[in-house]
Amino acid sequence: MSLTDRDQGATSAPGTPPAGGRRPGPTVAEVVRTVTVGDLPVRITGYDDSAVGPADAGITLSIRSERGLSYLLTAPGDLGMARAYVSGDLELQGVHPGDPYEALRVLKDELRLRVPPLSEGLALVRGLGWERLLPPPAPPQEAQPRWRRVMNGLRHSRARDSSAISHHYDVSNAFYEKVLGPSMTYTCAVFRSPDDTLEQAQASKYDLVAGKLALKPGMRLLDVGCGWGGMVRHAAREYGVKALGVTLSQAQAEWAQAAIEREGLTELAEVRHLDYRDAPREQFDAVSSIGLTEHIGVRNYPAYFGFLRDRLRPGGRLLNHCITRADNRAPHRSGAFIDRYVFPDGELAGPGRVISEVHDAGLEVHHEENLRQHYALTLAGWCRNLVDNWDFCVSEVGAGTARVWGLYMAGSRLAFERNGIQLHQVLATRNEPDGRNGYPLRPDWLP
(Lines give C-alpha, C1' and ligand atoms only; values in the text may rest on other atoms or scores of the structure.)
Protein backbone atom coordinates (compact mmCIF):
# COMPACT_ATOMS: atom_id res chain seq x y z
CA MET A 1 0.00 0.00 0.00
CA SER A 2 1.42 3.39 -0.99
CA LEU A 3 1.29 6.56 1.07
CA THR A 4 -1.41 7.97 -1.16
CA ASP A 5 -3.49 4.85 -0.63
CA ARG A 6 -3.57 5.72 3.10
CA ASP A 7 -4.68 9.34 2.60
CA GLN A 8 -8.22 9.00 3.96
CA GLY A 9 -9.06 12.01 6.10
CA ALA A 10 -6.33 14.31 4.80
CA THR A 11 -7.49 17.70 3.62
CA SER A 12 -4.60 18.40 1.26
CA ALA A 13 -3.49 15.98 -1.40
CA PRO A 14 0.13 15.26 -2.35
CA GLY A 15 1.62 17.96 -4.52
CA THR A 16 1.93 17.65 -8.28
CA PRO A 17 5.36 16.39 -9.36
CA PRO A 18 7.57 19.23 -10.59
CA ALA A 19 8.90 19.47 -14.10
CA GLY A 20 11.94 17.37 -13.27
CA GLY A 21 9.65 14.45 -12.47
CA ARG A 22 10.65 14.23 -8.81
CA ARG A 23 7.63 13.90 -6.55
CA PRO A 24 7.59 16.15 -3.46
CA GLY A 25 8.03 14.45 -0.10
CA PRO A 26 5.02 13.18 1.83
CA THR A 27 2.92 15.68 3.73
CA VAL A 28 2.64 15.66 7.50
CA ALA A 29 -0.86 14.23 7.09
CA GLU A 30 0.50 11.34 5.01
CA VAL A 31 3.17 10.63 7.60
CA VAL A 32 0.52 10.48 10.31
CA ARG A 33 -1.63 8.10 8.26
CA THR A 34 1.37 5.86 7.70
CA VAL A 35 1.96 5.30 11.42
CA THR A 36 -1.65 5.16 12.65
CA VAL A 37 -4.58 2.79 12.22
CA GLY A 38 -8.29 3.54 12.00
CA ASP A 39 -10.14 6.75 12.74
CA LEU A 40 -8.15 9.42 14.51
CA PRO A 41 -9.64 10.76 17.77
CA VAL A 42 -8.02 14.19 17.28
CA ARG A 43 -7.24 16.60 14.48
CA ILE A 44 -3.57 16.73 13.45
CA THR A 45 -2.28 19.64 11.39
CA GLY A 46 1.15 20.20 9.87
CA TYR A 47 3.45 23.12 9.15
CA ASP A 48 2.83 22.33 5.45
CA ASP A 49 -0.89 23.13 5.82
CA SER A 50 -1.88 19.47 5.53
CA ALA A 51 -4.31 18.02 8.05
CA VAL A 52 -5.83 14.70 9.00
CA GLY A 53 -8.55 13.66 11.42
CA PRO A 54 -12.04 15.04 12.07
CA ALA A 55 -12.39 18.76 11.52
CA ASP A 56 -14.73 19.04 14.48
CA ALA A 57 -12.47 17.21 16.93
CA GLY A 58 -12.28 18.89 20.31
CA ILE A 59 -8.51 18.51 20.43
CA THR A 60 -5.95 19.41 17.75
CA LEU A 61 -2.26 18.51 17.63
CA SER A 62 -0.35 21.02 15.53
CA ILE A 63 3.10 19.96 14.29
CA ARG A 64 4.52 23.41 13.73
CA SER A 65 7.94 22.75 12.22
CA GLU A 66 10.17 20.23 10.49
CA ARG A 67 12.12 19.98 13.74
CA GLY A 68 8.94 18.93 15.53
CA LEU A 69 8.33 16.18 12.97
CA SER A 70 11.93 15.03 13.38
CA TYR A 71 11.50 14.84 17.14
CA LEU A 72 8.46 12.61 16.68
CA LEU A 73 10.14 10.36 14.11
CA THR A 74 13.53 9.96 15.77
CA ALA A 75 12.26 9.18 19.28
CA PRO A 76 8.91 7.44 18.86
CA GLY A 77 6.74 7.31 21.95
CA ASP A 78 6.56 9.64 24.90
CA LEU A 79 10.11 11.02 24.60
CA GLY A 80 9.74 12.29 21.03
CA MET A 81 6.35 13.80 21.75
CA ALA A 82 7.70 15.42 24.92
CA ARG A 83 10.63 16.95 23.04
CA ALA A 84 8.37 18.42 20.38
CA TYR A 85 5.85 19.67 22.94
CA VAL A 86 8.36 21.17 25.38
CA SER A 87 10.21 22.96 22.57
CA GLY A 88 6.96 24.45 21.24
CA ASP A 89 7.18 22.52 17.97
CA LEU A 90 4.06 20.55 18.89
CA GLU A 91 1.05 22.49 20.12
CA LEU A 92 -2.07 21.12 21.80
CA GLN A 93 -5.25 23.04 21.10
CA GLY A 94 -8.44 22.43 23.04
CA VAL A 95 -6.67 21.97 26.41
CA HIS A 96 -4.65 24.30 28.61
CA PRO A 97 -0.87 23.58 28.69
CA GLY A 98 -1.05 23.61 32.49
CA ASP A 99 -3.47 20.69 32.42
CA PRO A 100 -3.46 18.65 29.18
CA TYR A 101 -5.19 15.76 30.98
CA GLU A 102 -8.09 15.39 28.54
CA ALA A 103 -5.77 15.29 25.51
CA LEU A 104 -3.62 12.61 27.16
CA ARG A 105 -6.69 10.58 28.06
CA VAL A 106 -8.03 10.67 24.51
CA LEU A 107 -4.67 9.80 22.97
CA LYS A 108 -4.13 6.91 25.38
CA ASP A 109 -7.61 5.47 24.93
CA GLU A 110 -8.29 6.06 21.26
CA LEU A 111 -5.12 6.63 19.21
CA ARG A 112 -3.87 3.41 17.59
CA LEU A 113 -0.32 3.38 16.29
CA ARG A 114 1.30 0.95 13.87
CA VAL A 115 4.81 0.11 12.71
CA PRO A 116 4.65 0.34 8.92
CA PRO A 117 5.98 -2.54 6.80
CA LEU A 118 9.64 -2.21 5.82
CA SER A 119 8.93 -1.20 2.23
CA GLU A 120 6.45 1.45 3.34
CA GLY A 121 8.83 2.74 5.98
CA LEU A 122 11.69 3.02 3.51
CA ALA A 123 9.48 4.86 1.05
CA LEU A 124 8.49 7.27 3.81
CA VAL A 125 12.10 7.95 4.79
CA ARG A 126 13.23 8.42 1.20
CA GLY A 127 10.42 10.87 0.63
CA LEU A 128 11.20 12.85 3.76
CA GLY A 129 14.96 12.70 3.32
CA TRP A 130 17.39 10.64 5.36
CA GLU A 131 18.44 13.74 7.27
CA ARG A 132 15.08 13.58 9.01
CA LEU A 133 16.42 10.57 10.94
CA LEU A 134 19.11 12.72 12.58
CA PRO A 135 17.73 13.65 16.02
CA PRO A 136 17.65 17.43 16.58
CA PRO A 137 19.31 18.70 19.76
CA ALA A 138 17.12 18.03 22.77
CA PRO A 139 15.39 20.94 24.58
CA PRO A 140 17.43 22.42 27.44
CA GLN A 141 14.97 21.03 30.01
CA GLU A 142 16.05 17.48 29.17
CA ALA A 143 18.54 15.69 31.42
CA GLN A 144 21.35 13.67 29.91
CA PRO A 145 20.67 10.04 28.99
CA ARG A 146 21.52 7.50 31.66
CA TRP A 147 24.75 6.39 29.98
CA ARG A 148 26.13 9.94 30.03
CA ARG A 149 25.23 10.57 33.65
CA VAL A 150 28.12 8.35 34.68
CA MET A 151 30.19 11.55 34.39
CA ASN A 152 28.40 12.59 37.60
CA GLY A 153 29.16 9.28 39.29
CA LEU A 154 27.59 5.85 39.47
CA ARG A 155 23.82 5.66 39.77
CA HIS A 156 22.69 6.73 43.27
CA SER A 157 26.16 7.83 44.33
CA ARG A 158 26.02 10.93 46.50
CA ALA A 159 27.19 13.28 43.73
CA ARG A 160 24.79 11.88 41.14
CA ASP A 161 21.84 11.86 43.56
CA SER A 162 22.56 15.49 44.37
CA SER A 163 22.57 16.37 40.66
CA ALA A 164 19.29 14.51 40.07
CA ILE A 165 17.56 16.18 43.01
CA SER A 166 18.75 19.60 41.89
CA HIS A 167 17.40 18.98 38.36
CA HIS A 168 13.88 18.55 39.72
CA TYR A 169 13.60 20.50 42.96
CA ASP A 170 15.84 23.53 42.44
CA VAL A 171 13.59 24.97 39.73
CA SER A 172 12.20 27.98 41.56
CA ASN A 173 10.67 28.24 45.02
CA ALA A 174 8.31 30.92 43.71
CA PHE A 175 7.14 28.52 40.99
CA TYR A 176 6.50 25.78 43.55
CA GLU A 177 4.59 28.19 45.78
CA LYS A 178 2.10 28.80 42.96
CA VAL A 179 1.77 25.13 41.93
CA LEU A 180 1.75 23.47 45.37
CA GLY A 181 -0.13 26.17 47.22
CA PRO A 182 0.47 27.56 50.73
CA SER A 183 1.40 24.17 52.26
CA MET A 184 4.40 23.84 49.90
CA THR A 185 3.84 20.10 50.09
CA TYR A 186 4.95 18.05 47.12
CA THR A 187 3.56 14.67 48.12
CA CYS A 188 0.21 12.90 48.03
CA ALA A 189 -2.53 14.54 50.09
CA VAL A 190 -5.32 12.67 51.89
CA PHE A 191 -8.89 13.60 51.01
CA ARG A 192 -11.75 12.90 53.39
CA SER A 193 -14.00 14.07 50.55
CA PRO A 194 -13.35 14.96 46.89
CA ASP A 195 -14.62 18.42 47.84
CA ASP A 196 -11.75 19.03 50.27
CA THR A 197 -9.39 21.82 49.29
CA LEU A 198 -5.81 20.92 48.57
CA GLU A 199 -4.73 22.63 51.79
CA GLN A 200 -7.25 20.68 53.85
CA ALA A 201 -6.11 17.43 52.27
CA GLN A 202 -2.42 18.13 52.87
CA ALA A 203 -3.13 18.92 56.53
CA SER A 204 -5.09 15.66 56.75
CA LYS A 205 -2.10 13.80 55.33
CA TYR A 206 0.23 15.24 57.93
CA ASP A 207 -2.27 14.44 60.68
CA LEU A 208 -2.52 10.87 59.38
CA VAL A 209 1.26 10.49 59.46
CA ALA A 210 1.44 12.03 62.92
CA GLY A 211 -1.31 9.71 64.16
CA LYS A 212 0.36 6.60 62.77
CA LEU A 213 3.63 7.66 64.43
CA ALA A 214 1.76 8.42 67.69
CA LEU A 215 3.47 11.81 67.95
CA LYS A 216 3.20 13.55 71.31
CA PRO A 217 4.76 16.67 72.85
CA GLY A 218 8.41 16.21 73.70
CA MET A 219 9.05 13.40 71.20
CA ARG A 220 11.84 13.67 68.62
CA LEU A 221 11.09 13.17 64.92
CA LEU A 222 13.49 12.71 62.01
CA ASP A 223 11.95 13.47 58.60
CA VAL A 224 14.22 12.35 55.74
CA GLY A 225 13.74 13.91 52.32
CA CYS A 226 11.71 16.61 54.05
CA GLY A 227 11.13 18.88 51.05
CA TRP A 228 10.11 22.36 52.14
CA GLY A 229 9.64 21.19 55.71
CA GLY A 230 5.88 20.64 55.70
CA MET A 231 5.90 17.63 58.02
CA VAL A 232 8.57 19.14 60.25
CA ARG A 233 6.60 22.36 60.74
CA HIS A 234 3.27 20.55 61.15
CA ALA A 235 4.67 18.17 63.77
CA ALA A 236 6.24 21.02 65.73
CA ARG A 237 3.27 23.37 65.49
CA GLU A 238 0.39 20.91 65.99
CA TYR A 239 1.99 18.21 68.18
CA GLY A 240 4.77 19.92 70.11
CA VAL A 241 7.35 17.57 68.62
CA LYS A 242 11.02 18.46 68.27
CA ALA A 243 11.51 17.75 64.57
CA LEU A 244 14.56 17.64 62.31
CA GLY A 245 14.24 17.47 58.53
CA VAL A 246 16.98 16.81 55.99
CA THR A 247 16.90 17.42 52.23
CA LEU A 248 19.41 17.24 49.38
CA SER A 249 17.97 20.41 47.83
CA GLN A 250 19.65 23.62 48.91
CA ALA A 251 16.68 25.66 47.70
CA GLN A 252 14.25 23.58 49.74
CA ALA A 253 16.36 23.81 52.89
CA GLU A 254 16.66 27.59 52.65
CA TRP A 255 12.91 28.06 52.09
CA ALA A 256 12.02 25.64 54.89
CA GLN A 257 14.32 27.22 57.46
CA ALA A 258 12.97 30.66 56.61
CA ALA A 259 9.40 29.36 57.06
CA ILE A 260 10.33 27.87 60.43
CA GLU A 261 11.66 31.23 61.60
CA ARG A 262 8.66 33.06 60.16
CA GLU A 263 6.26 30.78 62.06
CA GLY A 264 8.16 31.06 65.34
CA LEU A 265 9.08 27.36 65.44
CA THR A 266 12.85 27.60 65.83
CA GLU A 267 12.79 26.05 69.31
CA LEU A 268 11.22 22.86 67.95
CA ALA A 269 11.88 22.59 64.20
CA GLU A 270 14.96 22.58 61.99
CA VAL A 271 15.71 21.69 58.35
CA ARG A 272 19.25 20.98 57.20
CA HIS A 273 20.73 20.67 53.72
CA LEU A 274 21.99 17.10 54.05
CA ASP A 275 22.03 13.76 52.29
CA TYR A 276 19.84 11.47 54.41
CA ARG A 277 22.92 9.27 54.84
CA ASP A 278 24.55 12.13 56.75
CA ALA A 279 21.68 12.66 59.19
CA PRO A 280 22.73 12.69 62.87
CA ARG A 281 23.74 9.28 64.13
CA GLU A 282 21.40 9.26 67.07
CA GLN A 283 18.08 7.63 67.83
CA PHE A 284 14.71 9.31 67.42
CA ASP A 285 11.26 8.43 68.75
CA ALA A 286 9.87 8.40 65.22
CA VAL A 287 11.09 8.59 61.62
CA SER A 288 9.06 9.69 58.61
CA SER A 289 10.09 9.28 54.99
CA ILE A 290 7.54 10.98 52.73
CA GLY A 291 8.49 10.80 49.06
CA LEU A 292 12.19 9.92 49.35
CA THR A 293 12.17 6.18 48.58
CA GLU A 294 11.53 6.88 44.87
CA HIS A 295 14.95 8.56 44.59
CA ILE A 296 17.30 6.14 46.34
CA GLY A 297 17.34 3.17 43.94
CA VAL A 298 15.79 -0.24 44.54
CA ARG A 299 19.13 -1.96 45.05
CA ASN A 300 19.78 0.47 47.90
CA TYR A 301 16.63 -0.47 49.82
CA PRO A 302 18.48 -2.72 52.31
CA ALA A 303 20.93 0.02 53.25
CA TYR A 304 18.18 2.66 53.26
CA PHE A 305 15.79 0.84 55.56
CA GLY A 306 18.71 -0.29 57.68
CA PHE A 307 19.71 3.33 58.09
CA LEU A 308 16.18 4.30 59.12
CA ARG A 309 16.02 1.40 61.60
CA ASP A 310 19.26 2.54 63.21
CA ARG A 311 17.83 6.05 63.69
CA LEU A 312 14.89 4.65 65.68
CA ARG A 313 14.97 3.93 69.38
CA PRO A 314 13.59 0.52 70.38
CA GLY A 315 9.81 0.89 70.36
CA GLY A 316 9.99 3.75 67.87
CA ARG A 317 7.87 3.89 64.73
CA LEU A 318 8.73 4.39 61.05
CA LEU A 319 6.27 5.68 58.43
CA ASN A 320 7.42 5.19 54.83
CA HIS A 321 5.28 6.95 52.20
CA CYS A 322 6.21 6.35 48.57
CA ILE A 323 5.01 5.83 45.01
CA THR A 324 5.15 2.21 43.86
CA ARG A 325 4.46 0.12 40.80
CA ALA A 326 1.12 -1.65 40.78
CA ASP A 327 2.82 -5.06 41.08
CA ASN A 328 6.21 -6.56 41.83
CA ARG A 329 6.93 -7.69 38.25
CA ALA A 330 7.01 -4.25 36.62
CA PRO A 331 10.37 -2.70 35.64
CA HIS A 332 11.94 -0.54 38.31
CA ARG A 333 13.20 2.21 36.05
CA SER A 334 10.89 4.94 34.86
CA GLY A 335 9.98 5.68 31.24
CA ALA A 336 12.02 7.95 29.02
CA PHE A 337 10.00 11.13 29.59
CA ILE A 338 9.99 10.86 33.39
CA ASP A 339 13.67 9.92 33.46
CA ARG A 340 14.82 12.76 31.20
CA TYR A 341 12.48 15.56 32.21
CA VAL A 342 11.19 14.90 35.72
CA PHE A 343 13.03 12.43 38.00
CA PRO A 344 16.44 11.44 36.61
CA ASP A 345 17.46 8.03 37.99
CA GLY A 346 14.11 7.60 39.75
CA GLU A 347 13.08 3.98 40.43
CA LEU A 348 9.88 2.38 41.69
CA ALA A 349 9.26 -1.11 43.05
CA GLY A 350 6.04 -2.95 43.82
CA PRO A 351 4.49 -2.60 47.28
CA GLY A 352 5.41 -6.18 48.15
CA ARG A 353 9.07 -5.43 47.54
CA VAL A 354 8.93 -2.38 49.80
CA ILE A 355 7.26 -4.31 52.62
CA SER A 356 9.71 -7.20 52.28
CA GLU A 357 12.69 -4.87 52.47
CA VAL A 358 11.29 -3.15 55.57
CA HIS A 359 10.91 -6.53 57.27
CA ASP A 360 14.33 -7.74 56.15
CA ALA A 361 15.92 -4.63 57.66
CA GLY A 362 14.80 -5.80 61.10
CA LEU A 363 11.61 -3.78 61.40
CA GLU A 364 8.11 -5.14 61.99
CA VAL A 365 5.33 -3.96 59.64
CA HIS A 366 1.98 -3.37 61.36
CA HIS A 367 -0.06 -1.49 58.79
CA GLU A 368 -0.07 -0.74 55.06
CA GLU A 369 -2.37 1.57 53.13
CA ASN A 370 -2.74 2.38 49.42
CA LEU A 371 -3.56 6.05 48.70
CA ARG A 372 -3.54 5.77 44.89
CA GLN A 373 -6.84 7.59 44.33
CA HIS A 374 -5.78 10.37 46.67
CA TYR A 375 -2.73 11.08 44.53
CA ALA A 376 -4.89 11.45 41.42
CA LEU A 377 -6.93 14.09 43.26
CA THR A 378 -3.73 15.78 44.48
CA LEU A 379 -2.33 16.04 40.95
CA ALA A 380 -5.61 17.43 39.66
CA GLY A 381 -5.32 20.16 42.31
CA TRP A 382 -1.73 21.00 41.33
CA CYS A 383 -2.74 21.22 37.67
CA ARG A 384 -5.54 23.64 38.58
CA ASN A 385 -3.00 25.78 40.42
CA LEU A 386 -0.68 25.75 37.41
CA VAL A 387 -3.52 26.78 35.09
CA ASP A 388 -4.62 29.56 37.44
CA ASN A 389 -1.05 30.90 37.74
CA TRP A 390 0.17 30.07 34.24
CA ASP A 391 1.45 33.50 33.26
CA PHE A 392 3.42 33.90 36.48
CA CYS A 393 4.86 30.38 36.23
CA VAL A 394 5.97 30.96 32.63
CA SER A 395 7.60 34.24 33.61
CA GLU A 396 9.40 32.45 36.46
CA VAL A 397 10.71 29.29 34.77
CA GLY A 398 10.00 29.70 31.04
CA ALA A 399 7.32 28.22 28.82
CA GLY A 400 9.22 24.98 28.19
CA THR A 401 9.61 24.08 31.86
CA ALA A 402 6.01 25.06 32.60
CA ARG A 403 4.87 22.73 29.79
CA VAL A 404 6.97 19.92 31.26
CA TRP A 405 5.12 20.30 34.55
CA GLY A 406 1.67 20.39 33.00
CA LEU A 407 2.44 17.30 30.92
CA TYR A 408 4.04 15.40 33.79
CA MET A 409 1.32 16.12 36.37
CA ALA A 410 -1.58 15.42 34.02
CA GLY A 411 0.06 12.21 32.81
CA SER A 412 0.75 11.11 36.37
CA ARG A 413 -2.85 11.77 37.33
CA LEU A 414 -3.96 9.48 34.52
CA ALA A 415 -1.50 6.79 35.63
CA PHE A 416 -2.79 6.86 39.21
CA GLU A 417 -6.40 6.77 38.05
CA ARG A 418 -5.71 3.77 35.80
CA ASN A 419 -3.76 1.91 38.52
CA GLY A 420 -0.53 2.13 36.57
CA ILE A 421 1.19 3.37 39.72
CA GLN A 422 0.19 3.51 43.38
CA LEU A 423 1.06 5.32 46.61
CA HIS A 424 1.66 3.21 49.72
CA GLN A 425 2.19 4.11 53.35
CA VAL A 426 3.92 1.43 55.39
CA LEU A 427 4.03 1.68 59.20
CA ALA A 428 6.63 -0.33 61.10
CA THR A 429 8.31 -0.49 64.52
CA ARG A 430 11.76 -1.24 65.80
CA ASN A 431 11.19 -3.88 68.45
CA GLU A 432 12.97 -4.59 71.70
CA PRO A 433 15.07 -7.79 71.73
CA ASP A 434 12.19 -9.55 73.48
CA GLY A 435 9.66 -8.44 70.84
CA ARG A 436 8.07 -5.57 72.79
CA ASN A 437 7.33 -2.46 70.71
CA GLY A 438 4.54 -0.57 72.48
CA TYR A 439 2.22 -0.97 69.51
CA PRO A 440 -1.43 -1.19 70.62
CA LEU A 441 -3.77 -4.11 70.00
CA ARG A 442 -5.71 -1.96 67.54
CA PRO A 443 -4.46 1.07 65.53
CA ASP A 444 -4.45 4.08 67.82
CA TRP A 445 -4.82 6.71 65.08
CA LEU A 446 -8.33 5.56 64.04
CA PRO A 447 -11.54 6.81 65.74
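## Serine 288

In this predicted model, serine 288 has a relative accessibility of 0% and therefore counts as buried, the cut-off for that class being under 20%. Serine 288 belongs to strand E8, which spans residues 284–290.

The side chain of serine 288 forms a polar contact with the side chain of aspartate 223, at 2.7 Å. When residues up to four places away in sequence are left out, serine 288 touches Val209, Leu213, Leu221, Leu222, Asp223, Val224, Met231 and Leu319. Aspartate 223 thus appears both as the polar partner and in the list of touching residues.

## Nonpolar cores

Two residues touched by serine 288, Leu221 and Met231, recur in the largest nonpolar core. This core has 98 residues, and the members that touch the most others are Leu215, Leu221, Met231, Trp382, Trp405 and Met409. Helix H17 supplies the largest share of this core, with 9 residues.

Another core lies apart from the largest one and holds 27 residues, including Phe284, Leu292, Val298 and Leu363.

## Helix H4 and its cover

Helix H4 covers residues 101–110, and its buried residues are Tyr101, Ala103, Leu104, Val106 and Leu107. Among the elements that cover these buried residues are strand E3 (60–63), strand E4 (90–93) and helix H17 (399–417).

## The largest cavity

A search of the whole structure yields 2 cavities of 30 Å³ or more. The largest cavity encloses about 60 Å³ of space. Its lining consists of Met81, Ala82, Tyr85, Leu90, Leu92, Leu104, Leu107 and Leu407. By class, this lining comprises 8 nonpolar residues, with no polar and no charged residues.

Helix H3 (78–87), strand E4 and helix H4 each contribute at least two residues to the lining of the largest cavity. The greatest contribution is that of H3, with 3 residues. Leu104 and Leu107, listed among the buried residues of H4, are also part of the lining.

## Threonine 36

Threonine 36 is located in the loop that connects helix H1 (28–34) and strand E1 (43–46). Its relative accessibility is 2%, so threonine 36 counts as buried, given the cut-off of under 20%.

The side chain of threonine 36 takes part in two kinds of pairing. Towards the backbone, it reaches the oxygen of valine 32 at 2.7 Å. Towards a side chain, threonine 36 makes a polar contact with arginine 33, at 3.1 Å, through its own side chain.

Terms used
Residues are numbered from 1 along each chain as its sequence is written. This is a predicted model: local features need pLDDT of at least 70, side-chain atom pairs count only at pLDDT 80 or more; totals for chains, interfaces and linings use all residues. Side-chain values use heavy atoms; hydrogens and water are left out. Helices (H or I, at least four residues) and strands (E, at least two) are DSSP runs, numbered from the N terminus. Buried means under 20% relative accessible area, exposed over 50%, partly exposed in between (1.4 Å probe, protein chains only). A polar contact is a pair of N or O atoms within 3.5 Å; within protein, one must be able to donate a hydrogen and the other to accept it, and residues adjacent in sequence count only if both atoms are side-chain atoms. Contact means heavy atoms within 4.5 Å. On a 1 Å grid over the protein atoms alone, a cavity is a set of points where a 1.4 Å probe fits but cannot get out, and a pocket is an open set with protein on both sides within 12 Å along at least five of seven lines; lining residues have an atom within 4 Å of a point. Grid points are joined across faces, edges and corners, and a volume is the space filled by probe spheres set on the points. Ala, Val, Leu, Ile, Met, Phe, Trp, Tyr, Cys and Pro count as nonpolar, Asp, Glu, Lys and Arg as charged, and the others, Gly among them, as polar. A nonpolar core is a set of buried Ala, Val, Leu, Ile, Met, Phe, Trp, Tyr and Cys residues joined through side-chain atoms within 4.5 Å.
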